[in-house]
Amino acid sequence: MERRVNRFINILFLVLFSVGVFAQDIEYGMTRKTYEIAGIEVQGAENYEDFVLIGFSGLAVGDKIDVPGSQITKAIKRFWKQGLFSNVSIKAKKTEGNKIWLIIELEQRPRISEVRFEGLKKSEREDIEIKCGIRQGSQMTPNVEDHAKTVIKKYFAEKGFHNAQVHIIQKPDEDHKGYVRVMVAVDKKAKTKVGKIYLTGNEALTDVQINKAMKKTNDNHIVNLFRTKKFVTAEYEKDKEAVIEKYNEYGYRDAYIVADSVVPNPENPDRVDVYMTISEGDKYYVRSIKWVGNTIYPYEYLDATLGIKPGDVYNLKTLNERLQTDDDAVSKLYTDRGYLFFNVEPVEVNVENDSIDFEMRMYEGKPATINEINIVGNTRVYEHVVRRELYTKPGQLYSQSDIMRSLRELAQMGHFDQEKLVPDIQPDPENGTVDITYNLETKSSDQVEFSLGWGATGLTGSIGFKFTNFAIQNMFNKKAYRILPQGEGQTFSINLRTNGIYQTSVSLSFLEPWLGGKRPNQFSASLFFYNQTGWSSRYQKAYQNLYNSYSSYYYYSGNSNYYQQLAEAEADKDKFIRQFGAAVGYGKRLRWPDDYFTFYVELSYTLFWMKDWPYLLITNGMAHNLALNLQLSRSSIDNPIYTRRGSQFTIGLKITPPWSLFSNKDYSQLPANERYHLIEYHKWKLSGRVFTPLTRDSKLVLMTRAEFGYLGHFNKYAKSPFETYYMGGDGMAGYSSGYSTEYVALRGYSAGSLTPYDISSGRNLGYVYNKFTMELRYPITLEQNATIWALGFLEAGNCFADIREFNPFNLKRSAGVGVRIFLPMFGLLGIDWGWGFDKINGSKQYSGSQFHFVLGQDL
């Protein structure tokens, strides 16, 4: 009875409300009367077309309505429900007989003329502006305000700010009628962190093991020292799943979380405590494994590949990895032979006590043939240059390994963003084919080097260009020119360096990676010229006096330009060393032992011309260096810039003809200019680098390296003064490119400080060296426009004057940190700080702190 009374009261209220609307301007009796709508007007909604609002009301001219009646009430409710109007009324303008003219009066909610955000960082503001829905020019309604608050609170809750407060303030815009200025004020409060995790029911796994399994929900336990402590609900849900997965790894397949709760910490409102009750269940073991549906491989081979034997602890994670995801998983056996549609499902056919019988149900299908290979996004090189690098060809059987190798080769080209090389594989089971699309994002890999300065010897600087998409075939094709002819993926470099009047060098080089265009056979050619001028005897004397203990710089100069003026005046162009050199090389990719191997052979010639040059054994005359360079190498790295996995190994021999063995002369009695007229040596190089990812995302990488070099001789009286090793520092030759000296970096020690010298002559005696490096790398950003990573290193090495003195355990040790920046336009840049732990060549002082700059090469 009471419910009927309440319903009657509600109906009566609606009827009275409707009557009240009409009673504002026109008097009429309470008796219900039926009218025909003769006209409808709309007032107060300038931003909307009248016909749109009339249609929205549900009323139309010609309709018959009761006054008072439900039609008017429903029309008003429709407008209120949208939230776009702050006041709604429907009035009778006039009535004539059974006809009525209506007026719909609306008062619009204000529009937004300006939006301001307070309490947010720039990146946060940009994210929230897109998501919250409050935009300049849009209408401000209660729904919009509530939605914005919900979105902003959710946004910060996902970042760990669960107590964030949002205030939205509206103020009328005095300059624009019907508009408001909106300020969104956000107080993020402190991040919500995990106070303590309370676990019950866990016996098989310790609290520490469960803590480590939860990647993002961590308390202040010592095992979480370097892990995030903030609480994010979505991450917490993932971590609960991770706990169960960890139990599955230990054989507890029935483990589940009975109950869990997140409770505010009573002592700290910015922290929450997590309570979790776990039911572990029993520990299970594998009793038997049976393969069903296999015809390609026998079950014995599949058992060996799977690597799980009867009696092993049940481990769902390992089982799935060995079946699907590992590099040598069972599925890879099939996908590498074209069986793209292969599928294997492990089924527990029997569970008895603590033992499980597995049946591996396989669907091998038919081999898939590659139908189309599509290249998308390449705007840099000719398409045939890309296609020749691919190991996948139309008509071949599908192979997952071929796709991965193709991605590696595309990365090695350097023309595409390595981080975005993801193939689009579209299988067609009906036809047994597959289409593969390589989506490429082009990047420029051309580089420019430029430096300019003013020193004691005048203008110093360098300028160099490296074009990595050169096309010598297009020299006479004007359409292929972009500064130089481009499109074939060849490399052309030119470099000019000067140290004023003192030193000048010019070099040119060319590399064709696919000689003939059919096989990856490499052809290279290079030319260089080097000139260094000596000083007059007067300058040498002045230079010595300049720094003696009794005289100051200004005593001799009288002004700060004296040193430079003296250098310019006293350079003796009749004293010099000059070098002319050329080389041609040919490299071939091998097929055995595998196609990661390459063999390279190079023939080089260098002419050394000395005149009154007191810094070498040869003061006057010429020396000829004709050498054959043989190099066998293997490279399987995945990325030439930030390498995550793979290795590089090289064994090389550079050898000259043994001129002294062809001569009857007594070299012990020959003057230097005759003894070294034809340079002879054999130079050995062994090096290896291995890259090992240490995390699942392969970002944290350990690089280990070992090197050994030896410069040998055929005649002890004709040991080459050229091609020696210069060890220590950053390994950059700089302007003193010297006498074909090989610079070997060892951080933590100054440049050349580990090189043995003949004290009487100042001659470089670095004939043997070895070096070991361990380097831990982590990327800061891997974007196309800049690849940046930080590193820490341990390094050790030494240089010796004779192979008989060589001791691989007599090492100079160092450690330090550094950063690398790869800019496509400038190449690799970096800075390292190292600390040398050992004394240098009999010195009483330790090397200590050293900074090293990197330009163009990795140390």
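Me: I'll start from the cut-off: buried means under 20% relative accessible area, exposed means over 50%, and partly exposed is in between. This is a predicted model, and I'd like to try that on Glu723. Is Glu723 buried or exposed?

Reply: Put its value against the cut-off. Glu723 has a relative accessible area of 5%, so it counts as buried. It sits in the loop between strand S29 (701–712) and strand S30 (725–727). Look at its backbone too: phi is positive, about 70°, although Glu723 is not a glycine.

Me: Which residue in the loop between S25 and strand S26 (621–635) should I look at?

Reply: Asp612 is in that loop, and it is a residue other than glycine with a positive phi, near 50°. Apply the cut-off again: Asp612 has a relative accessible area of 36%, so it is partly exposed.

Me: While we're on the backbone, where are the cis peptide bonds from Val67 and Trp592?

Reply: Read omega for each. From Val67 to Pro68 the bond is cis, with omega near -10°, and Pro68 belongs to the loop between strand S2 (64–67) and helix H3 (70–82). The bond from Trp592 to Pro593 is also cis, with omega near 0°. Pro593 falls in the loop between strand S24 (571–589) and strand S25 (597–611).

Me: Now empty space. How do I read the largest cavity, and what lines it?

Reply: The general idea is that rolling a probe the size of a water molecule over the atoms shows where empty space is left. Here there is one cavity of 30 Å³ or more, and the largest cavity holds about 70 Å³ of space. Its lining includes Asp417, Lys443, Tyr642 and Thr787, and by type the lining splits into three nonpolar, four polar and four charged residues.

Me: And the second largest pocket: which element gives the largest share of its lining?

Reply: H12 does, with seven residues. Helix H9 (316–325) and helix H12 (400–413) are the elements giving two or more. The volume is about 1,300 Å³, and of the 29 lining residues, Asp327, Lys332, Met404, Asp638 and Arg645 lie nearest the centre. The lining has 13 charged, nine polar and seven nonpolar residues.

Me: Last one, the surface. What kind of patch does Val506 belong to?

Reply: A nonpolar one, with about 780 Å² of accessible area together; Phe450, Ile463 and Leu527 are among the other members. Strands S17 (447–455), S18 (458–470), S21 (490–499) and S22 (503–512) each give two or more residues to the patch. Val506 itself is in S22, and its 32% relative accessibility is why it counts as partly exposed.

Note on methods. Residues numbered from 1 in each chain as written. Predicted model: local features only at pLDDT ≥ 70, side-chain atom pairs only at ≥ 80, totals over all residues. Heavy atoms only, no water. 1 Å grid on protein atoms, 1.4 Å probe; cavity = no way out; pocket = protein on both sides within 12 Å on 5 of 7 lines; lining within 4 Å. Points joined across faces, edges and corners; volume = space filled by probe spheres on them. Helix = DSSP H or I, 4+ residues; strand = E, 2+ residues; numbered from the N terminus. Nonpolar A, V, L, I, M, F, W, Y, C, P; charged D, E, K, R; others polar. Patch = residues over 30% accessible without salt bridge, like charges linked within 9 Å, V, L, I, M, F, W, Y side chains within 5 Å. Areas by Shrake-Rupley, 256 points an atom, 1.4 Å probe, with all protein chains shown as cover. Salt bridge = Lys/Arg side-chain N within 4 Å of Asp/Glu carboxyl O. Buried < 20%, exposed > 50% of the residue type's maximum accessible area, 1.4 Å probe, protein only.
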